Amino acid sequence: MLQKKICMLGGFSVGKTSLVRRFVQSIFSETYMTTVGVKIDKKNVELPDRTVNLILWDLAGEDDIGSFRVSYVRGATGLVLVVDGTRPATLAVALTLRERAEAEFGAMPGVLLFNKSDLADQWAISDLEMNELKTNGWPVYLTSALTGNSVDDAFHRLAEMVAH
Amino acid sequence: MDVLPRAIRNWLYNLIYHERSVAYVKIDAQHLVVAKGGSVERHGLSSLRIGEPVAEQLEFMEGLLPGLDLPYDLPMIELPSGRVADLHLLSEDSCVWLIFLDATVERGNKQRIQQKAYEMTLLQERLRSLNDKLQAMNEALRQSQEDLAREYQRSEALLLNVLPASIAERLKAHEQIADDHAEVSVLFADIVSFTEKARSVGAETTVAILNRFFKAADLLSERHGCEKIKTIGDCVMVVAGLPVARADHAEALARYALELRKAAECENFAGEPLGLRIGLHSGPIVAGVIGKKRFAYDLWGDTVNLAARIQRSAEPAEIRISDATHDLLGPSFACQPLSETELRGAGRVRLWRLTA
């Protein structure tokens with residue numbers, strides 16, 4: 001069986017744990033529970049020609065990037081960068097974490113998720129900014145762990161990227 | 001380095017072994033599990049099969065081992081079983097030893113503190129963003145208030161341009177404005193041969209001349225306490241004695257007429273001094289404001305009509321006044337009588353030429 005380690009990276013309270021729960025268990029909880037250290041989860045993704053077992057490392061979110069423990073990322077073949085679309089500062093945090101991880105372990109494929117798309121009235125990221133990120137690298141998704149919007153799509157896309 | 005006595009070492013070993021529920025997994029160079037021991041049940045390692053690849057049984061080992069520099073620490077890992085462990089990877093007899101130390105309690109403590117801290121930070125972020133929004137709204141409000149005030153001043157100024165101040169005040173109080181004025185003097189003045197001269201000098205020069213002429217008319221009306229009512233083409237209509245009545249309305253307007261003529265003569269229009277025909281008459285009129293969107297303060301009555309006809313009958317550069325106006329002028333004005341003239345709507349009337 002093809003098995004791939006994936007790391008969830010992003011600022012605190014952007015929805016990394018909720019995205020994993022939505023993807024793996026199809027559930028969502030309104031209660032915010034901070035992650036300490038790392039939570040490991042797994043899910044099989046069926047691709048047309050094979051099955052990939054994604055080993056998801058849900059890393060603790062960062063408030064102060066200085067405390068980021070890059071050693072957790074060792075052995076990862078893909079990244080899920082998560083941004084809270086209602087808090088513009090979390091975009092810079094996510095991009096910095098990606099830089100840190102790739103400086104240590106080399107470039108790797110990934111997807112960029114702007115999460116909480118259900119909170120349209122508090123949305124704080126401009127279309128222009130998102131389009132720029134789309135043309136500049138990774139696939140970009142507008143996701144909602146609450147509604148499930150685009151969550152499966154994003155993980156499937158990443159599974160395809162790391163399986164080939 | 002001092003070595004602890006065996007008794008202390010044993011005590012420490014027992015303390016950590018029991019408090020932290022230590023377990024180990026031994027992995028060979030082919031990444032196969034070769035041994036396990038300690039609190040294996042506590043860490044969900046009971047079903048781990050000896051002689052099989054580690055990454056297939058412990059998913060978190062996926063990708064970790066190749067080229068790894070030991071020792072390597074992975075603190076506070078929550079495994080799919082829900083158990084939390086600090087993982088330490090050591091090297092010993094060409095094998096990798098995976099050491100599990102239970103960290104459930106420590107993780108719980110740390111989580112409670114971090115939860116409070118992050119919730120606080122989130123609140124602060126939310127507060128800051130609400131504050132920013134509030135400030136932006138305040139700024140927008142202040143801006144629109146300023147715009148409104150500027151708009152008000154502009155419309156106020158515009159209103160005062162077309163209406164006498166006292167009339168504008170009454171209009172703002174929603175008063176109907178139609179007043180009888182028993183005693184006023186009315187003046188008309190227009191430019192001699194305007195149409196031909198305008199054609200010869202072109203539009204731009206004509207507008208410039210008209211502009212200077214009307215400006216002079218405005219300036220003089222302020223100086224002499226008269227009201228310029230309107231302009232019609234190259235003709236200007238000025239009144240004295242309203243909106244506030246004055247006994248010397250005829251004299252004020254006569255002085256106005258003399259100065260207007262003097263000012264015009266300083267202007268050059270198509271190679272000649274600007275010549276005016278001026279006519280004055282005194283009598284009762286009705287004054288009022290008509291229109292809803294475009295206000296016009298205007299005068300009506302026979303006095304107005306006659307003043308216009310006297311003006312039209314005047315010679316170039318002449319100030320022609322009616323008998324009624326002449327009667328109101330003091331001895332400081334010089335007038336010459338003119339022969340009786342036939343005017344439409346008034347029959348034969350006596351007119352005078354105001355010279356100085």
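A residue counts as partly exposed when the number of other C-beta atoms within 10 Å of its own falls between the limits for exposed (12 or fewer) and buried (20 or more). Keep that in mind for the first view of this predicted model.

**View 1. Ser150(A) has a positive phi in a loop.** Here we look at the loop between β6 (140–142) and α4 (151–163) of chain A, where Ser150(A) is found. Phi of this serine is near 65°, a positive value in a residue other than glycine. Ser150(A) is partly exposed because 17 other C-beta atoms lie within 10 Å.

**View 2. Ser26(A) also has a positive phi, near 55°.** This residue, again not a glycine, lies in the loop between α1 (16–25) and β2 of chain A. Ser26(A) has 10 C-beta neighbours inside 10 Å, so it counts as exposed.

**View 3. Chains A and B meet.** On chain A, 21 residues are in contact with 23 residues of chain B. β1 (2–10) and β2 (38–46) are the elements of chain A that give two or more residues to this side, and β2(A) gives the most, with five. By class, the chain A side has seven nonpolar, seven polar and seven charged residues.

**View 4. A strand of chain A pairs with a strand of chain B.** β2(A) and β3(B) (residues 72–78) run parallel, joined by two bridges. Look for Lys39(A), which stands opposite Glu78(B) in β3(B).

**View 5. Chain B holds cis peptide bonds before Pro71(B) and Pro243(B).** The bond from Leu70(B) to Pro71(B) has omega near 0°, and Pro71(B) sits in the loop between α2 (54–57) and β3 of chain B. Omega is likewise near 0° from Leu242(B) to Pro243(B), with Pro243(B) in the loop between β8 (235–240) and α7 (249–265) of chain B.

Methods:
Residues are numbered from 1 along each chain as its sequence is written. Chains are lettered from A and ligands numbered from 1 in the order in which they are written. This is a predicted model: local features need pLDDT of at least 70, side-chain atom pairs count only at pLDDT 80 or more; totals for chains, interfaces and linings use all residues. Two residues are in contact if their C-beta atoms, placed from the backbone, lie within 7 Å. Helices (H or I, at least four residues) and strands (E, at least two) are DSSP runs, numbered from the N terminus. Ala, Val, Leu, Ile, Met, Phe, Trp, Tyr, Cys and Pro count as nonpolar, Asp, Glu, Lys and Arg as charged, and the others, Gly among them, as polar. Two strands pair if DSSP finds at least two bridges between them.
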